[in-house]
Amino acid sequence: MTATTATTATNAAAALADTNQHYDLDPEIFGLFLDSSRKYSSGLYRSPSDTLAQAQVNKLHFVAQRLGLRGGEQLLDVGCGWGSLLLFMAGEYRCQTVGISPAGRQHAYIRNRSHELGVAERVTTVQGHFEETDFPAGGFDAVTMLGSIVHMPDLTAAFSRARALLRRGGTLYVSESCFRNTAAHTTFHQRAGTRFVGDAIFGWGDLRPVSELVRGAEDAGFSLTSLDDLTGDYRQTIDDWLTNVRAATADIEQIKPGLAAQLERYLEIANAGWGYTTKHYALTCRKAR
């Protein structure tokens, strides 16, 4: 193994170890600033009167539409968070859903919620990393990655693995925040704000330009079926999260002192970049053959 290869392998291992630091916080914290489903990704605001909760329901139906769900499909959600997508697709579309996440607290929460919602027989979770967990080849009709591929050091391997897990004709949905171009990535990737979000909140992550995501998907053998710009929707989503953090500061501080200020700074940094240095895209691909 060369020195470069060894360094890359070490960095990748560190990335896998670090990505759950934020997601292993007390679930009650997320209930204080996200919507009631604890969906931790962009909503979709269909009208100015949409609440955060309505925008998140809109977004989940949008994902189902992009995947072409008709009901009963086998779906894998990579980086399943607090289970909003798993529980929704199991309930609204009667899908058999599997979620994977390295964060231990999320699995207990999802298990309890699946029983409360009466969908436990259609919801399964696996604790671990997508890159290291065995799933049956061709075992899924759909794979989703909402904000998770940013934490995967090997983009080509991630897309190739997703393709291998899909049946022929299956669909991959990826939504991700990206630097708006290569020049912005080069300029801002190591800026203090970007480093703060990584060090204090999410661990390792790389907001790659969307051109790299498209190339990764194409190199893995996918056919691109749609590319949607959801930047404005994520800006509005984070505005709503910020409002909630500020309103719940005392409760958040009671659970984990110092976290409210951290969350506020992280969300302000994220919203300062939209449209200027960063964008948010949804990429849909099909395993055509």
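## The aromatic cluster

F30, F33, Y40, W82, Y109, Y234, W241 and W274 come together as one aromatic cluster. This is a predicted model, so take everything below as a reading of that prediction. Across the whole structure there are 13 aromatic pairs. Take Y40 and W241 as an example: their rings meet edge-to-face, with 5.2 Å from centre to centre and 65° between the planes. Why is this pair worth a look? Y40 sits in the loop between α2 (27-33) and α3, while W241 belongs to helix α10 (residues 231-247), so the two rings tie together parts of the chain that are 201 residues apart in sequence.

Are the two partners buried or exposed? Y40 is buried, at a relative accessible area of 16%. W241 is buried as well, with a relative accessibility of 0%.

## Helix α10 and D240

Now for the helix that carries W241. The 17 residues of α10 should span 24 Å at 1.5 Å a residue, and the end C-alpha atoms are 25 Å apart, so the two figures agree. Its buried residues are T231, D233, Y234, T237, I238, D240, W241, L242 and V245. As a reminder about helices, there are 3.6 residues to a turn of an α-helix, so residues three or four places apart point the same way.

D240 is one of the residues of α10. With a relative accessible area of 19%, D240 counts as buried because the cut-off is under 20%. Which residues does D240 touch, once neighbours within four places in sequence are set aside? They are Y45 and L52. Two C-alpha distances help to place D240: H107 is 133 residues away in sequence and 26 Å away in space, and L67 is 173 residues away in sequence and 27 Å away in space.

## L67 at the end of α3

L67 lies in helix α3, which runs over residues 52-67. L67 is buried, with 6% relative accessibility. Leaving out residues up to four places away in sequence, L67 is in contact with L75, A142, V143, T144, T171, L172 and Y173.

## A charge over a ring

Which ring does R161 lie over? The face of F130, with 5.2 Å to the ring centre. R161 itself is part of helix α6 (residues 155-165). F130 also turns up among the contacts of R161, along with E131, T133, D134 and F135, when residues up to four places away in sequence are not counted. For a wider bearing, R161 and I100 are 61 residues apart along the chain, and 14 Å separates their C-alpha atoms.

## Helix α12 and what follows

Helix α12 covers residues 259-273, which makes 15 residues. From first C-alpha to last, α12 reaches 22 Å, close to the 21 Å expected at 1.5 Å a residue. Its buried residues are L259, A260, L263, Y266, L267, A270, N271 and G273. Just after α12 comes G275, with a positive phi of about 85°.

## Positive phi without glycine

Positive phi values also show up in residues that are not glycine, including R38 and R94. R38 has a phi of about 60° and is found in the loop between α2 and α3. For R94, phi is near 55°, and R94 lies in the loop between α4 and β2 (96-101).

Which of these arginines is buried and which exposed? R38 is buried, at 11% relative accessibility, whereas R94 is exposed, with a relative accessible area of 53%.

## The second largest pocket

How much space lies in the second largest pocket? About 280 Å³. The lining takes in 17 residues, and S37, S84, L87, F88 and L117 are the ones nearest the centre.

Where does that lining come from? α3, α4 (84-92) and α5 (104-116) each give at least two residues to the lining of this pocket. α4 supplies the most, with five residues.

Note on methods:
Residues are numbered from 1 along each chain as its sequence is written. This is a predicted model: local features need pLDDT of at least 70, side-chain atom pairs count only at pLDDT 80 or more; totals for chains, interfaces and linings use all residues. Side-chain values use heavy atoms; hydrogens and water are left out. Helices (H or I, at least four residues) and strands (E, at least two) are DSSP runs, numbered from the N terminus. Buried means under 20% relative accessible area, exposed over 50%, partly exposed in between (1.4 Å probe, protein chains only). Contact means heavy atoms within 4.5 Å. Rings of Phe, Tyr and Trp (its six-membered ring) pair if their centres lie within 6.5 Å; planes under 30 degrees apart count as stacked, over 60 as edge-to-face and the rest as tilted. A charge sits over a ring if NZ of Lys or CZ of Arg is within 6 Å of the ring centre and within 35 degrees of the ring normal. The expected span of a helix is 1.5 Å times one less than its number of residues. On a 1 Å grid over the protein atoms alone, a cavity is a set of points where a 1.4 Å probe fits but cannot get out, and a pocket is an open set with protein on both sides within 12 Å along at least five of seven lines; lining residues have an atom within 4 Å of a point. Grid points are joined across faces, edges and corners, and a volume is the space filled by probe spheres set on the points.
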